[in-house]
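Work through the two exercises below with the sequence and the model at hand. Each task is followed by a solution that proceeds step by step.

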Amino acid sequence: MTEILILYYSRGGSVAQLARQIARGVEEGGATARLRTVPPVAPVTESAAPPVPEDGAPYVEKRDLAECDGLILGSPTRFGNMAAPLKHFIDTLGAEWVSGTLVGKPAAVFTSTATQHGGQESTLLSMLVPLMHHGMLVVGIPFTEPALNTTRTGGTPYGASHVAGAKDDAPLSDEEKQLARALGKRLAQTAEKLRR
Ligand SMILES: Cc1cc2nc3c(=O)[nH]c(=O)nc-3n(C[C@H](O)[C@H](O)[C@H](O)COP(=O)(O)O)c2cc1C
């Protein structure tokens, strides 16, 4: 069975909401979704994070990367870029880069921002850069998805997205849900074709 790793960081829950919609799309595309997260990081560590998160998805392990047929990476936007905990994990992937663990596998990205023009596209594009160093094949959202032409909230050709508002509490719009599911489905179907 084709397996897609949905790896994300979410502090307030908005990126996690998108991850769940993407997982639905992955399953509509005939694949299994494996949801994983990364621990927070701090400049000075006073205590280690618990070995498993208190709730939500388990922490990612390196074997998740080897075992997946495709990867969807999600992060809140922080100053127009991905959040440090996710980048911190990516920066530990030297051995996987050398051995080509992710080469030829399809990849997609998603994000959430407070504001409409707060840097979704710069975040999504910059998240793709390390994935391309790892030899992954980029999958976006085509404009043949009707919601991409009509959305007044999130959703971009570079990846799925959500505009969460200043309090980070806006629910996902219908278009954001549709586009997140479409991305998950497309990634799953692409991974299935590439496995053959
Ligand atoms: C340090 C920091 C930087 C942020 N930078 C941006 C930004 O550049 N643009 C924006 O629109 N929102 C920004 N935000 C808001 C988050 O992107 C937004 O609340 C997002 O929905 C959080 O996702 P989460 O609920 O999954 O943690 C920032 C938040 C923090 C804490």
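**Exercise 1.** How much space lies in the largest cavity? Then describe the residues that line the largest cavity.

*Solution.* Begin with the search itself, which was run on the whole of this predicted model and which finds one cavity of 30 Å³ or more. The space in the largest cavity comes to about 60 Å³. Next, turn to the lining, whose residues include Leu7, Leu65, Phe89, Ile90 and His134. Two elements, β3 (70-78) and α3 (84-90), each give two or more residues to the lining. Finally, sort the lining by class: nine of its residues are nonpolar and one is polar, while none is charged.

**Exercise 2.** Where does the ligand sit, and which residues are the closest to the ligand?

*Solution.* First, place the ligand, which sits in the second largest pocket. In the next step, look at the elements around the ligand: α1 (14-28), β3 and β5 (106-113) each give two or more residues to the shell, and β3 gives the most, with three residues. The ligand is surrounded by 18 residues, of which Ser10, Thr77, Ser112, Gly118 and Asp168 are the closest. By class, this shell holds five nonpolar, 10 polar and three charged residues.

Then examine the contacts made by backbone N or O atoms with oxygen atoms of the ligand: the distance is 2.7 Å for threonine 77, 2.9 Å for serine 14 and 3.2 Å for glycine 80. As a last step, consider the ligand's surface, for the ligand taken alone exposes 650 Å², and the protein buries 77% of that.

How values were computed:
Residues are numbered from 1 along each chain as its sequence is written. This is a predicted model: local features need pLDDT of at least 70, side-chain atom pairs count only at pLDDT 80 or more; totals for chains, interfaces and linings use all residues. Side-chain values use heavy atoms; hydrogens and water are left out. On a 1 Å grid over the protein atoms alone, a cavity is a set of points where a 1.4 Å probe fits but cannot get out, and a pocket is an open set with protein on both sides within 12 Å along at least five of seven lines; lining residues have an atom within 4 Å of a point. Grid points are joined across faces, edges and corners, and a volume is the space filled by probe spheres set on the points. Helices (H or I, at least four residues) and strands (E, at least two) are DSSP runs, numbered from the N terminus. Ala, Val, Leu, Ile, Met, Phe, Trp, Tyr, Cys and Pro count as nonpolar, Asp, Glu, Lys and Arg as charged, and the others, Gly among them, as polar. A residue is near a molecule or strand if one of its heavy atoms lies within 4 Å of it. A polar contact is a pair of N or O atoms within 3.5 Å; within protein, one must be able to donate a hydrogen and the other to accept it, and residues adjacent in sequence count only if both atoms are side-chain atoms. Accessible areas come from the Shrake-Rupley method with a 1.4 Å probe; for residues, only the protein chains shown count as cover. A molecule sits in a cavity or pocket if more than half of its atoms lie within 2 Å of its grid points.
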